[in-house]
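Reader: Can you walk me through where the ligand sits in this one?

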Amino acid sequence: MIKRLAVLTSGGDSPGMNPSIRSVVRTGVGLNLDVVGIENGYQGIFDNQFIPLGAIEVSGKIRDAGTFLATTRCLAMLQADGPARVVEILRRHKVDGLIVIGGDGSLTGAQKIHHLGYPVIGIPGTIDNDIFGTDMGIGVDTALDTIIHSIDMIKATAASHRRCFVIEVMGRSCGYLALMSTITTGSQVAVIPEYRHDLHRIIDTLNRRMQRKHNNSVVVVAEGVCSGQEFMDELLAAGQGALDQEVRLTVLGHIQRGGSPTHFDRLLGSRMGEFAVLSLLQGETGAMVATVGGSMRLRNFDEILGKKKVLPADAIRLSQNLGIEIGNVTA
Ligand code: F6P
């Protein structure tokens, strides 16, 4: 029986976490539950950072990027006795269930808590869109929006100087952000971990573009392949005498996590927050809220965690039909 529930955000922040916390709080309070926020992710449990949350504490939060509860990558949780200590502290605070908003590592922590018999539901919160079992995580859409606005701006200066820009984007070992931003900015090359890039084909693509009188070109590099600097060095070394344009580098960095949540992320965060509370109340545990084909589902941690999410096949096909150079599949 859940009377008091807690919510925390963990790992890298993502836009959409605040709308999600807000929805957990508003749904919980509306159902006469006590809701507490835990500050600083799992670390806040060890440090007893529990704060009561009501409708007023989450007022206006739907518009803000980041997480007002703050977040950490918690080392204590990785210790062998970390999850058991977490359960013991939560019980001491009379918290009956936990909602964890975060990426792979954070959900793996939640899985361990579940295996100790404690009720927990996860929400996928990461810009990387690398969590198996859900079409989207909260924050992905906003990060992509920030990336495409940045690339649009870079294209203006690239065109004025007839330059090629290499743009490094986040994503850990997943090429989703790079691939989708390449498609939606009309960029020419996506260098992604899921495909092996071919420098000579890339140089050929870039040269052919300038020969056709285009005045700019953009290569989007996923950080999971290498840094933008490393890629640019490789490109310049391979292109000596063959590449007919100046190249500049922009690393977008943490700006990608900072955008005010888009309509999509506000709605997804709100829907997932609500669904997580309703699921806990129905006795569900050990599962992540997922969006599959537009509807909310629960996916058991044991069935999804540790599995590699693949890039959507239709996005790969689309990029190929649009003439984007992505290289050859690696797996
Ligand atoms: O997982 C989200 C993410 O933004 C990755 O894309 C990136 O590699 C990482 O976090 C950066 O982590 P930090 O903020 O700790 O530097």
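What follows is a short chat about the ligand site and the domains.

Author: Quick heads-up: this is a predicted model, where local features need pLDDT of at least 70, side-chain atom pairs count only at pLDDT 80 or more, and totals for chains, interfaces and linings use all residues. Residues are numbered from 1 along each chain as its sequence is written, and side-chain values use heavy atoms, with hydrogens and water left out.

Reader: How many charged residues are in the shell around the ligand?

Author: The residues around the ligand (a heavy atom within 4 Å of it) include Arg73, Asp128, Arg172, Glu223 and Arg257. Asp, Glu, Lys and Arg count as charged. Next to two nonpolar and three polar residues, the shell's charged count is five.

Reader: Which side chain has a polar atom 2.5 Å from a ligand oxygen?

Author: Polar contacts here are pairs of N or O atoms within 3.5 Å. For a ligand oxygen, Arg73 offers a side-chain N or O at 2.9 Å, and Arg172 has one at 3.3 Å. The 2.5 Å case belongs to Glu223.

Reader: Why does the ligand lie between the domains?

Author: The chain is divided into two domains, with bounds from an automatic or database domain assignment. Both give residues to the shell around the ligand, so it lies between domain 1 (4-139 + 261-293) and domain 2 (142-258 + 312-330).

Reader: How far apart are the C-alpha centres of those domains?

Author: The domains do touch: the contact (heavy atoms within 4.5 Å) takes 14 residues from domain 1 and twelve from domain 2. Their C-alpha centres lie apart by 34 Å.

Terms used:
Polar contact = N/O pair within 3.5 Å; in protein donor to acceptor, adjacent residues only side chain to side chain.
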